[in-house]
Amino acid sequence: MIDRDPEGRKRARLAPWLLLAPGMVWLFLFFFFPLWTLARMSLSSRPSRFANPTFDWNWSNYGDAFSRYGEQFTRSFTYAALATLATLCIAYPIAYVIAFRGGAWKNVLLGLCVVPFFTNYLIRTLAWKTILGDQGPLVEALRSLGVLAADGRLLRTPLAVVGGLTYNFLPFMILPVYVALEKIDPRLVDAARDLYATTWRAFRKVVLPLSLPGVFAGSLLVFIPAAGDFVNAYYLGSAKTTMIGNVVQDQFLVQVDYPVAAALSFVFMAIVMVSVVVYARLLGTEDLA
Amino acid sequence: MNAFLARRRSRARGTVTSPAGRIGRGLVNLAAAAGLVYLFLPIFVIVLFSFNKPKGRFNAVWQEFTLENWADPFKDRALVDALGVSLRVAGIATVVATFLGTLMALALVRYRFRGGQVTNLLLVLPLTAPEIVLGASLLTLFLEPHIVLANRQFTLGFTTIVLAHIMFCVSYVAMTVKARLRGFDWTLEDAAMDLGATPTRTFLRVTLPLITPGILAAALLSFALSIDDFIITYFVAGPATTTFPIRIFGQSRTATPPQINVLATMILVGSVAVLAAGTAWGRRRARRLGLA
């Protein structure tokens with residue numbers, strides 16, 4: 001009898017479920033079930049500031065979420081899209097050089113790309129606050145070069161927020177793009193060159209299309225956390241750069257307006273999911289993992 | 001003809017002959033090098049400012065060089081206590097998540113069964129949900145007593161943080177171990193059992209040692225994720241429990257003592273050492289077992 005499963009896996013009834021059960025129960029209790037309570041909360045109403053919200057199919061929370069915070073929604077997705085584009089531009093050359101020219105140093109170089117992220121996320125963002133600070137050397141240099149006006153600043157601008165998002169989520173772009181590039185057989189590029197393709201054309205027609213799954217995965221890994229972030233806008237931005245994360249955080253933990261905050265979170269998640277699907281269709285690749 | 005051969009030969013050695021190609025190549029290398037510099041710029045600033053003697057409460061503008069902060073790295077008691085809380089949370093979350101996640105990965109790679117695909121999808125979902133949504137949903141869960149959780153009212157604090165951290169680590173562990181298990185030679189198990197080993201003995205003496213590096217990698221990842229997490233923790237921490245990131249966030253409104261930079265530098269050096277040691281151990285082990 002020939003085993004037709006190349007991985008030699010076994011057919012079994014109970015064993016896999018027993019192994020899965022504890023983890024699945026955990027995910028049900030602390031991931032799926034909370035989403036349900038959040039949905040319920042988003043349809044509750046709160047008669048007064050100190051009363052507990054009660055569930056009564058109150059759809060007006062969703063209307064409120066959109067009409068009051070439409071601006072923050074647009075801003076979050078714009079900033080996240082810009083940051084994703086910026087990470088792609090910075091990460092692609094790094095991943096390319098490591099994958100094709102890294103030689104024996106591949107793993108060390110890849111490790112170097114991850115090392116900065118062993119410091120805490122907040123501390124890294126605070127470091128950017130120092131770098132972009134009004135009294136820092138960077139702003140002084142830009143002012144004397146005339147790039148910035150004499151009273152111009154970097155901190156508390158949209159540029160600083162997008163820059164912070166770009167930096168903080170960069171490794172999520174470098175790693176998947178590297179994995180995709182590393183898989184490419186270099187002989188394919190040689191073949192293209194033998195057929196008289198220029199380096200640029202060989203890149204455009206061979207390397208780039210083959211690296212798209214990595215670009216896709218990386219873009220999702222950057223876009224989703226960037227759109228929901230509130231730390232960068234908090235430290236590097238101003239009242240004019242608040243994102244949806246700042247609003248959700250403020251509504252939940254400061255204003256204690258749970259129903260509207262829950263509706264906001266749901267709308268936010270829905271938009272993220274829809275943009276992910278649209279993006280997947282546009283790029284024509286659907287294998288996420 | 002000669003020119004053609006020369007071109008082929010030079011290409012075989014991986015060199016580009018045309019000047020435009022050489023410039024392009026140089027530009028790509030330059031972009032990559034600039035990218036690496038950019039990656040390390042904030043790290044350089046963090047380390048540099050651990051030697052700063054700030055005027056006032058904020059360590060944001062360079063004043064003068066001092067070794068004082070390094071002479072007394074644990075001066076800020078609240079910060080050190082918060083780091084202790086973070087380490088304990090990460091320790092517990094890592095052990096539980098690694099156990100649960102590894103079992104799930106084994107089930108998905110080892111067995112063929114109905115519902116395997118769906119389970120895979122359910123596992124990926126927590127990884128694609130934005131952190132603020134995870135945090136917000138857990139907060140609503142902990143606020144309201146419900147029959148599913150035995151009508152228990154949770155007090156926000158250490159327990160709720162650990163529960164949340166285990167949740168987001170489980171998926172990462174399962175995905176990491178699963179990726180490492182792909183290509184595992186399951187016939188080794190059959191071989192052990194053909195030689196008379198019981199299933200338990202086979203698992204403990206053959207399977208487990210071979211998948212250990214994958215499990216350790218997953219454990220390291222979940223430890224790193226847990227200790228660094230701010231957004232989800234911020235929602236479920238409550239007023240009484242303070243982890244390292246929460247302490248920094250809360251404090252940064254009124255002060256940023258240079259000890260933050262000293263501790264951050266220590267953590268960075270420590271993690272790099274652990275990573276380097278782990279890689280070296282993995283290589284030596286692979287060579288000893290003849291896997292390399």
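**Helix packing and chain contacts in a predicted model**

In chain A, helix α2(A) brings A:T87, A:L88, A:A91, A:Y92, A:I94, A:A95, A:Y96, A:I98, A:A99 and A:F100 to meet A:M173, A:I174, A:V177, A:Y178, A:L181 and A:E182 of α7(A). Sorted by class, this contact of α2(A) with α7(A) holds 14 nonpolar residues, one polar and one charged. Please keep in mind that the model is predicted. Below you will find the geometry of that helix pair, a second pair in chain A, the overall build of chain A, its contact with chain B, and two residues with positive phi.

**Helices α2 and α7 of chain A**

- Helix α2 covers residues 60-101 of chain A and helix α7 covers residues 171-182, and their axes come within 8 Å of each other.
- The two axes cross at roughly 40°, and because that angle is neither under 35 degrees nor in the range 65 to 115, α2(A) is oblique to α7(A).
- As for handedness, the crossing in which α2(A) passes α7(A) is right-handed.

**Helices α4 and α6 of chain A**

- A second pair to look at is α4, residues 121-132 of chain A, with α6, residues 158-168 of chain A; here the axes come within 11 Å and cross at roughly 140°.
- That crossing angle makes α4(A) oblique to α6(A), since only angles over 145 degrees count as roughly antiparallel.
- The crossing of α4(A) with α6(A) is right-handed.
- On the α4(A) side the contact is made by A:Y121, A:R124, A:T125, A:W128 and A:L132, and on the α6(A) side by A:A160, A:G164, A:Y167 and A:N168.
- By class, five residues of this contact between α4(A) and α6(A) are nonpolar, three are polar and one is charged.

**Overall build of chain A**

- Chain A has 12 helices and three strands.
- Its radius of gyration is 24 Å, whereas a compact globule of 289 residues would have one near 19 Å.
- Taken along the principal axes, the box filled by the C-alpha atoms of chain A is roughly 75 × 75 × 35 Å.
- Of the 289 residues in chain A, 42% are buried.
- Among contacts in chain A with a separation of 6 or more, 69% join residues that are 24 or more positions apart.

**Where chain B touches chain A**

- Chain B puts 74 residues into the contact, and chain A puts in 72 residues.
- On the chain B side, the elements that each supply at least two residues are α2 (19-49), α4 (77-110), β1 (111-112), α5 (116-128), α6 (131-143), α7 (158-181), α11 (244-251) and α12 (259-288).
- Helix α2(B) gives the largest share of the side of chain B that touches chain A, with 17 residues.
- That side of chain B is made up of 55 nonpolar, 13 polar and six charged residues.

**Two loop residues with positive phi**

- A:W57 is a residue other than glycine with a positive phi, near 50°.
- The loop that holds A:W57 runs between β3 (54-55) and α2 of chain A.
- With 8 other C-beta atoms within 10 Å, A:W57 is exposed, because 12 or fewer is the cut-off for that class.
- A:Y196, also a residue other than glycine, has a positive phi near 70°.
- The place of A:Y196 is the loop between α8 (186-194) and α9 (199-228) of chain A.
- A:Y196 has 8 other C-beta atoms within 10 Å, so A:Y196 counts as exposed.

Key:
Residues are numbered from 1 along each chain as its sequence is written. Chains are lettered from A and ligands numbered from 1 in the order in which they are written. This is a predicted model: local features need pLDDT of at least 70, side-chain atom pairs count only at pLDDT 80 or more; totals for chains, interfaces and linings use all residues. Axes are lines fitted to C-alpha atoms, for helices over the stretch in contact, and angles run from 0 to 180 degrees between N-to-C directions. Helices (H or I, at least four residues) and strands (E, at least two) are DSSP runs, numbered from the N terminus. A crossing is left-handed if the near helix is turned anticlockwise from the far one by less than a right angle, and right-handed if clockwise. Two residues are in contact if their C-beta atoms, placed from the backbone, lie within 7 Å. Ala, Val, Leu, Ile, Met, Phe, Trp, Tyr, Cys and Pro count as nonpolar, Asp, Glu, Lys and Arg as charged, and the others, Gly among them, as polar. The radius of gyration is taken over C-alpha atoms; the globule rule is 2.2 Å times the number of residues to the power 0.38. A residue is buried if 20 or more other C-beta atoms lie within 10 Å of its own, exposed if 12 or fewer, and partly exposed in between; C-beta atoms are placed from the backbone.
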